[in-house]
Amino acid sequence: MTLDLFVDTSRKGISMALSQIAQNGSAAIYEETVDTAARGETASSILDELLNRVGAHLEDIKRVLVTVGPGSFSGLRTGVAFCQGLCFSGKRELFGVSTLHALECFSGASDSASVAVVIRARPGYWYLRQTIDGKAEESFIETSEVSSRLKANSPKTVVIDEAATADEALTNLFKEIGAETVLDSGKPLNMWSTLFTSEKASLIQEANYIQPSYFEKLK
C-alpha cells in the first residue's frame, strides 16, 4: 500500500487525511479527521487512528504534505515539526506548501488565474492570493484593498472562509464581480494532491535538535 498524508494545522485545530490514489486517478482509500479543538501533541494519536482505520502502517506513507501558513503560529510550528519528524529518516518526501495555495485547490479550477483566495487575518484585514500575469501573489491587506484588487482582476471563483461569508462588504463585492464562492471547509484534503507534482519536496531538515514523533533508524 502506498499512501499520501495531508496535514493542516494552519487554521483551527488539526486536519489530517490519508489517501491512496488508484491507477485511474480515483481515490481507492481515503480517510480524514478534522478536530478543531486538537492541539499539536495529539497529532501522533490522530495519525495512529487514521492508519488503523485503513489497515495501514507508517511505512506505507511515502509523501507528506503540510501547510506552512499564513495561519496560527503555534499551530504551524507544531504541524511542521511533526511532519519533519515523520520524514526525518528520509523514507518519505515532505512538501511544505502555502495554506493559501492549498486552499486554491478547493476551487477545482484548472486555471489558477481564474481563482482568488480570501481568508481572515484579523478584524478588517485579510490574506489574499491571486495569480496575475502568471505570477502568484499573496498579500496581507485591508478590506478596501481586497475590493480594489479583485475588481481590477476579477476572478471567476473565490475560495473564502466563514469570516468572509459574514463580511457584508466582501459578500457584496463577490456579487458585484460575479464570482462564485467556495467555502474553505468540508472539502477532502486530497484535492491538494496536484501540489505533489507542481511543488518540489522541501522542509527536510537534518538538525540534531529535531525530536520526531516517530523515529525510524536509517537502513
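Cys83 counts as buried, because its relative accessibility is 0%. I should say at once that we are looking at a predicted model. What is the nearest cysteine sulfur to that of Cys83? It belongs to Cys87, and the separation is 6.8 Å. Cys87 also counts as buried, since its relative accessibility is 1%. A disulfide is a covalent bond between the sulfur atoms of two cysteines. The 6.8 Å between the sulfurs of Cys87 and Cys83 is too far for such a bond, the cut-off being 2.5 Å. A search of the whole structure accordingly returns zero disulfides, and Cys83 takes part in none.

Cys83 brings us to helix H2, where it is one of the buried residues. H2 covers residues 73-86, 14 residues in total. From first C-alpha to last, H2 reaches 20 Å, close to the 20 Å expected at 1.5 Å a residue. Alongside Cys83, the buried set of H2 includes Leu76, Val80, Phe82 and Leu86, together with the glycines Gly75, Gly79 and Gly85. Gln84 is buried as well. Against which elements do these buried residues pack? They pack against E1, E2, helix H1 (43-54), E4 and strand E5 (93-97).

Let me turn to one of those partners, strand E1, residues 3-8. Six of its six residues are buried. Both faces are covered: one side presents Leu3, Leu5 and Val7, the other Asp4, Phe6 and Asp8. E1 pairs with strand E4, residues 61-67, in the parallel sense, over five bridges. With strand E2, residues 14-21, the pairing of E1 is antiparallel, again over five bridges. Phe6 illustrates both arrangements: Leu65 stands opposite Phe6 in E4, and Ala17 stands opposite Phe6 in E2. E1 and E2 form a hairpin with five residues between them, and within the turn Gly13 has a positive phi of about 65°.

Asp8 lies in E1 and deserves a separate remark. Is Asp8 buried or exposed? Asp8 counts as buried, because its relative accessibility is 2%. Its side chain makes a polar contact of 2.6 Å with the side chain of Thr67. Leaving aside residues up to four places away in sequence, Asp8 touches Gly13, Ile14, Ser15, Thr67 and Trp192. Gly13 is the turn residue with the positive phi that I mentioned a moment ago.

My last element is helix H6, residues 168-177. Its buried residues are Leu170, Leu173, Phe174 and Ile177. Why do these residues fall on the same side of H6? They do so because they cover an arc of only 100° around the axis. An α-helix has 3.6 residues a turn, so residues three or four places apart point the same way. The face of H6 turned away from the buried side carries the exposed residues Glu168, Lys175 and Glu176.

The buried residues of H6 have several packing partners. Among the strands, these are E6 (115-122), E7 (125-132), E9 (157-160) and E10 (180-183). The helices H4 (143-152) and H5 (162-165) are partners too.

Finally, the two ends of H6. At its start, a side-chain oxygen of Asp167 comes to within 3.2 Å of the backbone nitrogen of Ala169. After H6 comes Gly178, with a positive phi near 70°.

How values were computed
Residues are numbered from 1 along each chain as its sequence is written. This is a predicted model: local features need pLDDT of at least 70, side-chain atom pairs count only at pLDDT 80 or more; totals for chains, interfaces and linings use all residues. Side-chain values use heavy atoms; hydrogens and water are left out. Buried means under 20% relative accessible area, exposed over 50%, partly exposed in between (1.4 Å probe, protein chains only). Helices (H or I, at least four residues) and strands (E, at least two) are DSSP runs, numbered from the N terminus. The arc is that of the directions from the helix axis to the C-beta atoms. Contact means heavy atoms within 4.5 Å. A polar contact is a pair of N or O atoms within 3.5 Å; within protein, one must be able to donate a hydrogen and the other to accept it, and residues adjacent in sequence count only if both atoms are side-chain atoms. Two strands pair if DSSP finds at least two bridges between them. The expected span of a helix is 1.5 Å times one less than its number of residues.
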